[in-house]
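This briefing goes through the strand pairing, one loop residue and the cysteine chemistry of the structure shown below. Please keep the sequence and the coordinates at hand while reading the points that follow.

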Amino acid sequence: QVQLVESGGGLVQPGGSLRLSCTTSGNIFSINAMGWYRQGPGKERELVAHITSSGYIDYGDSVKGRFTISRDNAKNTVYLQMNSLKPEDTAVYYCHANIVTNPLVYGMDYWGKGTLVTVSS
């Protein structure tokens, strides 16, 4: 069974920084894409950042230039460095990974339970 666990959320003032981490565990053969999504109050879930196994990165338009995604393949962990945070970044941040548990089967999508980030003075 595969698990994704996020950490690093919390309360931060506007202009501040936070670093989120997402660790994976379980029966993992390999991990394809990993990423972060968020869902703010009254909003739909949206892409924050996405990184493939080969290192291709994509960001949501609202976070470009402020957030940085990275991954440690040896630790099966993905990170999100968030700088210059704004109140509109307030949301529950969810970790996502496409994970192969059986080399004979395509990867499946897994999600963490989310970590709350609140940007407020």
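Contact is taken here to mean heavy atoms within 4.5 Å. The model is predicted, and the points below are grouped by topic, beginning with an open sheet of 4 strands.

**The four-stranded sheet**

- The open sheet has the strand order β1-β3-β8-β7, and its pairing is antiparallel.
- Because β1 (3-7) and β7 (67-72) stand at the edges and each has a single partner strand, one side of each is left without a neighbour in the sheet.
- On average, and with direction ignored, neighbouring strands of this sheet are turned by 15° against each other.
- Strand β3, covering residues 18-25, runs antiparallel to strand β8, covering residues 77-82, and the two are joined by 6 bridges; within this pairing, L20 has L80 of β8 as its bridge partner.
- Strand β8 also pairs with β7, again in the antiparallel sense and over 6 bridges, and here R71 is found opposite V78 of β8.
- The hairpin formed by β7 and β8 has 4 residues between the strands, and in this hairpin N76 takes a positive phi near 50°.
- Of the 6 residues of β8, 5 are buried, so this strand is largely enclosed by the rest of the structure.

**Strand β11 and its partners**

- In a regular strand the side chains alternate between the two faces of the sheet.
- Strand β11, residues 115-119, shows such an alternation, with T115, V117 and V119 pointing to one face and buried, whereas L116 and T118 point to the other face and are not buried.
- Strand β2, residues 10-12, pairs with β11 in the parallel sense over 3 bridges, and V12 has V119 of β11 as its bridge partner.
- Strand β9, residues 91-100, runs antiparallel to β11 and is joined to it by 3 bridges; A91 stands opposite V117 of β11 in this pairing.

**The buried arginine R66**

- R66 is placed in the loop between β6 (57-59) and β7, and with a relative accessible area of 11% this residue counts as buried, because the cut-off for that class is under 20%.
- The side chain of R66 has a polar atom 2.8 Å from the backbone oxygen of S62, and the side chain of R66 also reaches the backbone oxygen of S84 at 2.9 Å.
- When neighbours within four places in sequence are left aside, the residues in contact with R66 are Q81, M82, N83, S84, L85, K86 and D89. S84 therefore appears both in this list and as a backbone partner of the R66 side chain.

**The disulfide**

- How many disulfides does a search of the whole structure find? The search finds 1 disulfide, formed by C22 and C95, whose sulfur atoms are 2.0 Å apart.
- The pair links distant parts of the chain, with C22 in strand β3 and C95 in strand β9, 73 residues apart.
- A disulfide is a covalent bond between the sulfur atoms of two cysteines.
- The link of C22 and C95 is left-handed, with -85° about the S-S bond, and both C22 and C95 are buried.

Technical notes. Residues numbered from 1 in each chain as written. Predicted model: local features only at pLDDT ≥ 70, side-chain atom pairs only at ≥ 80, totals over all residues. Heavy atoms only, no water. Pairing = 2+ DSSP bridges. Axes fitted to C-alpha atoms, helices over the stretch in contact; angles between N-to-C directions. Buried < 20%, exposed > 50% of the residue type's maximum accessible area, 1.4 Å probe, protein only. Polar contact = N/O pair within 3.5 Å; in protein donor to acceptor, adjacent residues only side chain to side chain. Disulfide = S-S within 2.5 Å.
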